Amino acid sequence: DQGVDEYSKQHLLGAKTLGLFSSIVIVVNNIAGPGMLVLPRVYAEAGWVMPTVVLLLICVFSALASLFLVDTMARVPGNASFERRIEFVNIFEEFWGGKGKQIAQVFFIMNMMAQICSSIVSNAQVMDNFIVFLSPSSSVYALQVWPTIHWLSWTPPEDVLKLAQAASQRGGEMSIHQAANCHLKNVVPFQLEDGVVEDRILISSGYVLLAVTLIPMSLMNLDENILIQKISFYMLLFLSLEFLAQFYMQGLDTYEIPAFGDNYAHVWGSIVFNYAFLGIIPSWVNEKRPDVSVRFTVWFSTLASTVLYALVGVMGASAYARTQGNFLSTLSNVCSPRITRISAFLFAFGMIGLGIPFAAIVTRYNLLVGRLAGPRMSTFWSIYAPWLVSWAFYTGGLFNEIIAWSGDLAIGPINFVLPLLV
């Protein structure tokens, strides 16, 4: 604990200042992450029964596992009232020793890196749409690094631009029929004509712009980051309502979701990914005020998020005949109404984007307190390393695979297996 005290004095760790509302903000923001963006496609492919059942089961299991983890924290000697600084990996060190700590560290780092990288990728894709939004007739650029190295540029198809310009001149938006047909075209930056995106690797201008904006925020502490998290929470509430309204106006009969679909490959992994928040629970408990109820915070946050997930999945799948893996790519492209595009940009940056610094901060805490790395290396691995590798997963197909496979391999064990074994 002497090292922890020293890090606290150096302001590398935060203090116990988080109230009830701040606590709900933190937990909800970490539940409602990039995995939310694939739910419309999951519902479209698997039907509405299986995803909904799995959502409810994982909601209950994740809440119970969170409470069990907090109870385990309290059983650490000298930490009955959370007096000590105990991060996720320290729990396993206390009860399993050095080997247990190493196992927990491996799964924890995989879990957090998957969340950070998927958030970076989904935001970069929308950021490229934002660049097009600012100047529709201009191009957005990228450096392709595989299979060949050369510069790429992308501009919306000419017929789509003419359609959008005609609607703008009339002082309105595309009709529902026009928008539906428009979404079937090549309107996602750097997507090939046949809709295939996963056969090349690139670094886009949106990716670089996002890195320059978010990396400085990742250098804060948790209590210093709470204002940003509250802004993100308010944006989640407002923009989710706007998206649901857009789904309704687009027409909930565009695609009829079957009760049972024909592709269940991504149901479990994608939904588990949406509840990958147990890793942040100890960091939150360490900095919450003593009067904040853990039980109320966890149950309220998980149930509210599950209702939102189900609505986004069902209504999003019903409103569009062709659903992108990253659903914000659909909402932010030139075919969507202006207000919806603006909302998608705000959601990508304000909700998911601002979650990147938070996840980086929690990862840094665990590397420091778990004595896996010193101040400099913990900063490098938690903040800079994800940006150095995430560009390789920019393409939509790889984005879906990150979410599905990390849900199966890392997030499932760390959220629903390890906490129950301590």
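I took contact to mean heavy atoms within 4.5 Å. The model I examined is predicted.

**Entry 1: helices on the sheet.** I looked up what helix α5, residues 88-134, touches, and found that α5 lies across β1, β2 and β3. I noted that α5 runs at about 145° to β1. I then turned to helix α8, residues 205-214, which also packs on the sheet. I recorded its contacts as β1 and β3, and its direction as making about 55° with that of β3.

**Entry 2: the sheet itself.** I traced the strand order as β2-β1-β3 in an open sheet of three strands, with antiparallel pairing. Why does one side of β2 and of β3 lack a neighbour in the sheet? I found that β2 (150-154) and β3 (201-204) stand at the edges; each has a single partner strand, so one side of each is left without a neighbour in the sheet. I noted an average twist of 35° from one strand to the next.

**Entry 3: the β1 and β3 pairing.** I counted four bridges between β1, residues 140-146, and β3, in the antiparallel sense. I looked up L143 and found I203 in β3 as its bridge partner.

**Entry 4: a surface patch.** I located a nonpolar patch on the surface, formed by V53, L57, V60, F61 and L64. I recorded about 400 Å² of accessible area for these residues together. I placed L57, one of the patch residues, in helix α4, which spans residues 49-74. I asked how far L57 is exposed and found a relative accessible area of 42%. Because this value lies between the limits of 20% and 50%, I entered L57 as partly exposed.

Terms used
Residues numbered from 1 in each chain as written. Predicted model: local features only at pLDDT ≥ 70, side-chain atom pairs only at ≥ 80, totals over all residues. Heavy atoms only, no water. Patch = residues over 30% accessible without salt bridge, like charges linked within 9 Å, V, L, I, M, F, W, Y side chains within 5 Å. Areas by Shrake-Rupley, 256 points an atom, 1.4 Å probe, with all protein chains shown as cover. Salt bridge = Lys/Arg side-chain N within 4 Å of Asp/Glu carboxyl O. Helix = DSSP H or I, 4+ residues; strand = E, 2+ residues; numbered from the N terminus. Buried < 20%, exposed > 50% of the residue type's maximum accessible area, 1.4 Å probe, protein only. Pairing = 2+ DSSP bridges. Axes fitted to C-alpha atoms, helices over the stretch in contact; angles between N-to-C directions.
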